[in-house]
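What follows is a report for a reader who meets this structure for the first time. Please keep the sequence and the model in view while reading.

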Amino acid sequence: MPSQPPSPAVDPPAAAPPPPAAGPATDIPPWPVWTALAAVALGIGLGGLATILVDIVAHAAGASLTHPPPAVNIIGDVVFDLGFVAAALYLASLRGRPGWAAFGYRPVRLRLAIKWFLIAVVGYYGVTAVYSAVFHLHGSDKLPSELGAEHSTAALVGASVFVCVIAPIAEEFFFRGFLFGTLRRLGVRIAGRDLSVWIAAIITGILFGLAHTGSAALQYLIPLGFLGFVLCIVRWRTCSLYPCMALHSANNALALGVNQLNWNAVEIVGLTLGSWLLVAAITGPLSAGQPRLA
């Protein structure tokens, strides 16, 4: 029988390319850069409108517009912060339903979180101490007296929950969860190096400092801006919002306990730990099932 011609060789199927390594470079949200500026403008508008509505309702109930009670001021501050959260959620939803991981709600290794928490603490308080010495700052930054933390137990509880729990959650969500991630898409390259992270951190830090213009003395806006920058670096290196919220909450608890209430170390530590538990209870479920990137 005539021999059969050899079958042509068949190349094995090409292996699928490996998935990109997880890390800070992959922790960039999908919404476009223009939404960063839009979120700031929309957040100011929504927050301002919500605050006006609170004042109108309070005045209708008999509260003074010129000297409103602490409860009205605290509620006004809460709804103002929530206006920025709503703005970020709305603009992010324009590109589809965003997952919580895109905002930084991801689990993080405890050792990594502690490492960058401590680096941030040393860096922030060290630079702030030098700044205070160079510019001869006097006194200490205090929370607005309108919150009434020194006048009644109810006002103290309300101010503590807002300052140490709600503000860290809302502000970290907007500034580090939405704004910083969005600005990282700028694509700024100098001498072949991508400097988008640093540019985004600087811009976010400046905006974070300016956002406290009405609640902090002018001389403390620069340290607050630097804190905003440091928190961006923590967010970048850990790929998670949780260490940022922890540091933000601890810093506010320290400011409230030392500068406003003259509490001792045990009381301040108790306030910090209690605030962390509430922050974890509120935001912890948002990271359930999310992969760890760092």
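## Loops, helices and their contacts

Asn262 lies in the loop between H7 and H8. The model is a predicted one, and in it Asn262 has a positive phi of about 55 degrees although this residue is not a glycine. Most residues other than glycine have a negative phi. At 66% relative accessibility, where the cut-off for exposed is over 50%, Asn262 counts as exposed.

A second residue with a positive phi is Cys239, whose place is in the loop between H6 and H7. Its phi is near 60 degrees, and Cys239, too, is a residue other than glycine; along the chain, Cys239 comes just after H6. Is Cys239 buried or exposed? With a relative accessible area of 0%, Cys239 is buried.

**The protein as a whole**

The secondary structure of the protein comes to 8 helices and 2 strands, and, read along the sequence, these elements follow the pattern α-α-α-α-β-β-α-α-α-α. Of the 294 residues of the protein, 43% count as buried. Among the contacts between residues at least 6 apart in sequence, 79% join residues that are at least 24 apart.

**Two helices checked for length**

The lengths of H5 and H6 can be compared with the rise of 1.5 Å a residue, as the table sets out.

| Helix | Residues | Number of residues | Expected span | Distance between end C-alpha atoms |
|---|---|---|---|---|
| H5 | residues 196–210 | 15 residues | 21 Å | 21 Å |
| H6 | residues 221–238 | 18 residues | 26 Å | 26 Å |

For H5, the distance between the end C-alpha atoms agrees with the expected span, and for H6 the two values agree as well.

In H5, the buried residues are Ser196, Val197, Ala200, Ala201, Thr204, Gly205, Phe208 and Gly209. What covers these buried residues of H5 includes helix H4 (153–183), strand E2 (193–194), H6 and H7. H6, which is thus one of the elements that cover H5, has 14 of its 18 residues buried, so H6 is largely enclosed by the rest of the structure.

**How H2 meets H4**

The axes of H2 and H4 come within 10 Å and cross at roughly 20 degrees. Since angles under 35 degrees count as roughly parallel, H2 and H4 are therefore roughly parallel to each other. The crossing in which H2 passes H4 is left-handed. On the side of H2, the contact is made by Pro70, Ile74, Asp77, Val78, Asp81, Phe84, Val85, Ala88, Leu89, Leu91 and Ala92, while H4 contributes Ala155, Gly158, Ala159, Phe162, Ile166, Ala167, Ala170, Glu171, Phe173, Phe174 and Phe178. By class, the residues in this contact of H2 with H4 divide into 18 nonpolar, 1 polar and 3 charged.

**How H3 meets H7**

Helix H3 (residues 110–134) and helix H7 (residues 242–260) pack with their axes 10 Å apart, at an angle of about 40 degrees. That angle makes H3 oblique to H7, and the crossing of H3 and H7 is right-handed. Which residues of H3 and H7 meet? From H3 they are Ala113, Phe117, Ala120, Val121, Tyr124 and Tyr125, and these meet Pro243, Ala246, Leu247, Ala250, Asn251 and Leu254 in H7. The contact of H3 with H7 has 11 nonpolar residues, 1 polar residue and no charged residues.

**Two buried residues within helices**

Gly76 lies in helix H2 (residues 70–93), and at 6% relative accessibility Gly76 counts as buried, the cut-off for buried being under 20%. Leaving aside its neighbours within four places in sequence, Gly76 is in contact with Thr51 and Val54. How far apart in space are Gly76 and Val54, C-alpha to C-alpha? The distance between Gly76 and Val54 is 6.2 Å, although these two residues are 22 residues apart in sequence.

Ser275, for its part, lies in helix H8 (residues 265–283). At 3% relative accessibility, Ser275 counts as buried. Not counting residues up to four places away in sequence, Ser275 touches Cys164, Val165 and Ser249.

Key
Residues numbered from 1 in each chain as written. Predicted model: local features only at pLDDT ≥ 70, side-chain atom pairs only at ≥ 80, totals over all residues. Heavy atoms only, no water. Axes fitted to C-alpha atoms, helices over the stretch in contact; angles between N-to-C directions. Helix = DSSP H or I, 4+ residues; strand = E, 2+ residues; numbered from the N terminus. Parallel < 35°, antiparallel > 145°, perpendicular 65-115°, else oblique. Left-handed = near helix turned anticlockwise from the far one by under 90°. Contact = heavy atoms within 4.5 Å. Nonpolar A, V, L, I, M, F, W, Y, C, P; charged D, E, K, R; others polar. Expected span 1.5 Å × (residues − 1). Buried < 20%, exposed > 50% of the residue type's maximum accessible area, 1.4 Å probe, protein only.
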